[in-house]
Amino acid sequence: MSRIAVVPGSFDPVTLGHLDVIERAAGLFDELHVLVVHNPAKTALLPIAQRVSLIQEAVVEASMPGNITVTSWSVGLLVDYCTDVGASVLVKGIRSQVDVAYETPMAIVNRNLAGVETIFLLPDPAHAHVSSSLVRQVAGLGGDVSPYVPRVVSAFLQSND
Ligand code: PNS
């Protein structure tokens, strides 16, 4: 039986930290679904479809394995998507104790709702300080985000200045 995992998130926009987690998770499972989900607690920069395209392009640009699918979900619980595609595991990156505190309740709720387990990967320390919210802020004020995001993302953000 195929082991299918999902890396969910806002990815607004995808960062090098996200890509690091995606690549390592893809090496651990037969199929990896990168799932862009709207987070109502956050003010969005990019439309969902744009985020999906940028992740797809970044995955190709980084020559990642072919077992990665990028898509979005907007019609219910994250675990409903997992059930639909037969995924039993969620993968998240943990940069700090702040992430642990943020992710722990979601992991418990997702397990209670549908028996979906969450595993946490530690990012490469080079990306430990990188977040989409920081990228949004720096890009919004005209700063250079190229050290923090895939080339396709910095090119896209620059062309939309
Ligand atoms: O990148 P983010 O914004 O931290 O990702 C959070 C996200 C989108 C994974 C989370 O908000 C989520 O799972 N939303 C889907 C709705 C849901 O299933 N909520 C209940 C379980 S937490």
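## A buried loop residue

Phenylalanine 11 has a relative accessible area of 3% and is therefore buried, the cut-off for that class being under 20%. The structure described here is a predicted model. The residue belongs to the loop that links E1 and H1. Its backbone is notable in one respect: phi is positive, at about 50°, although phenylalanine 11 is not a glycine.

The loop between E1 and H1 also holds proline 13. The peptide bond that leads from aspartate 12 into proline 13 is cis, with omega near 0°.

## The nonpolar cores

Which residues touch the most other members of the largest nonpolar core? They are Phe11, Ile22, Leu32, Val34, Ile55, Ile68 and Val91, out of 33 residues in that core. Two or more residues come from each of the strands E1 (4–9), E2 (31–37), E3 (68–73) and E4 (89–93). The helices H1 (16–26), H2 (48–61), H5 (132–140) and H6 (151–159) likewise give two or more residues each. Apart from this core lies another, which has eleven residues, including Val6, Leu78, Ala87 and Val116.

Isoleucine 22 illustrates the contacts of the largest core. Leaving aside residues up to four places away in sequence, isoleucine 22 touches Val7, Phe11, Leu32, Val34, Ile55, Met64 and Ile68. The buried loop residue phenylalanine 11 is thus among the contacts of isoleucine 22.

## The five-stranded sheet

The strands E3-E2-E1-E4-E5, in that order, form an open sheet of five strands with parallel pairing. Strand E5 (117–121) and E3 stand at the edges; each has a single partner strand, so one side of each is left without a neighbour in the sheet. On average, and with direction ignored, neighbouring strands of this sheet are turned by 30° against each other.

Strands of a sheet pair through backbone hydrogen bonds, in either a parallel or an antiparallel arrangement. The individual pairings and the connections between the strands are set out below.

## E2 and its two partners

Is E2 largely enclosed or left open by the rest of the structure? E2 is largely enclosed, because five of its seven residues are buried. The parallel pairing of E2 with E1 extends over six bridges, and within it glycine 9 has valine 36 of E2 as its bridge partner. Between these two strands the chain passes through H1, and the resulting β-α-β crossover from E1 to E2 is right-handed.

E2 is also joined to E3 by six bridges, and these two strands run parallel. Valine 36 has serine 72 in E3 as its bridge partner, while valine 37 stands opposite tryptophan 73 in E3. From E2 the chain crosses through H2 to E3 in a β-α-β crossover that is right-handed.

Valine 36 accordingly has a bridge partner in each direction: glycine 9 and serine 72.

The loop between H2 and E3 contains serine 63. Like phenylalanine 11, for which phi is about 50°, serine 63 is a non-glycine residue with a positive phi of about 50°. Is serine 63 buried or exposed? Serine 63 counts as exposed, because its relative accessibility is 63% and the exposed class begins over 50%. Phenylalanine 11, in contrast, is buried at 3%.

## E4, E5 and helix H4

E4 is largely enclosed by the rest of the structure, because four of its five residues are buried. Two bridges connect E4 with E1 in the parallel sense, and valine 6 stands opposite leucine 90 in E4 at this pairing. Valine 6 is also one of the residues of the eleven-residue core.

Toward the sheet edge, five bridges join E4 to E5, and the two strands run parallel. Here valine 89 stands opposite glutamate 117 in E5. E4, H4 and E5 together make a right-handed β-α-β unit.

## A buried acidic residue in H4

Helix H4 (residues 97–114) includes aspartate 99. Aspartate 99 counts as buried because its relative accessibility is 8%, which falls within the limit of under 20%. Which residues does aspartate 99 touch, not counting those up to four places away in sequence? Its contacts are Gly93 and Ile94.

Technical notes: Residues are numbered from 1 along each chain as its sequence is written. This is a predicted model: local features need pLDDT of at least 70, side-chain atom pairs count only at pLDDT 80 or more; totals for chains, interfaces and linings use all residues. Side-chain values use heavy atoms; hydrogens and water are left out. A nonpolar core is a set of buried Ala, Val, Leu, Ile, Met, Phe, Trp, Tyr and Cys residues joined through side-chain atoms within 4.5 Å. Buried means under 20% relative accessible area, exposed over 50%, partly exposed in between (1.4 Å probe, protein chains only). Contact means heavy atoms within 4.5 Å. Two strands pair if DSSP finds at least two bridges between them. A crossover is right-handed if, with the strands pointing away from the viewer, the path from the first strand over the helix to the second runs clockwise. Axes are lines fitted to C-alpha atoms, for helices over the stretch in contact, and angles run from 0 to 180 degrees between N-to-C directions.
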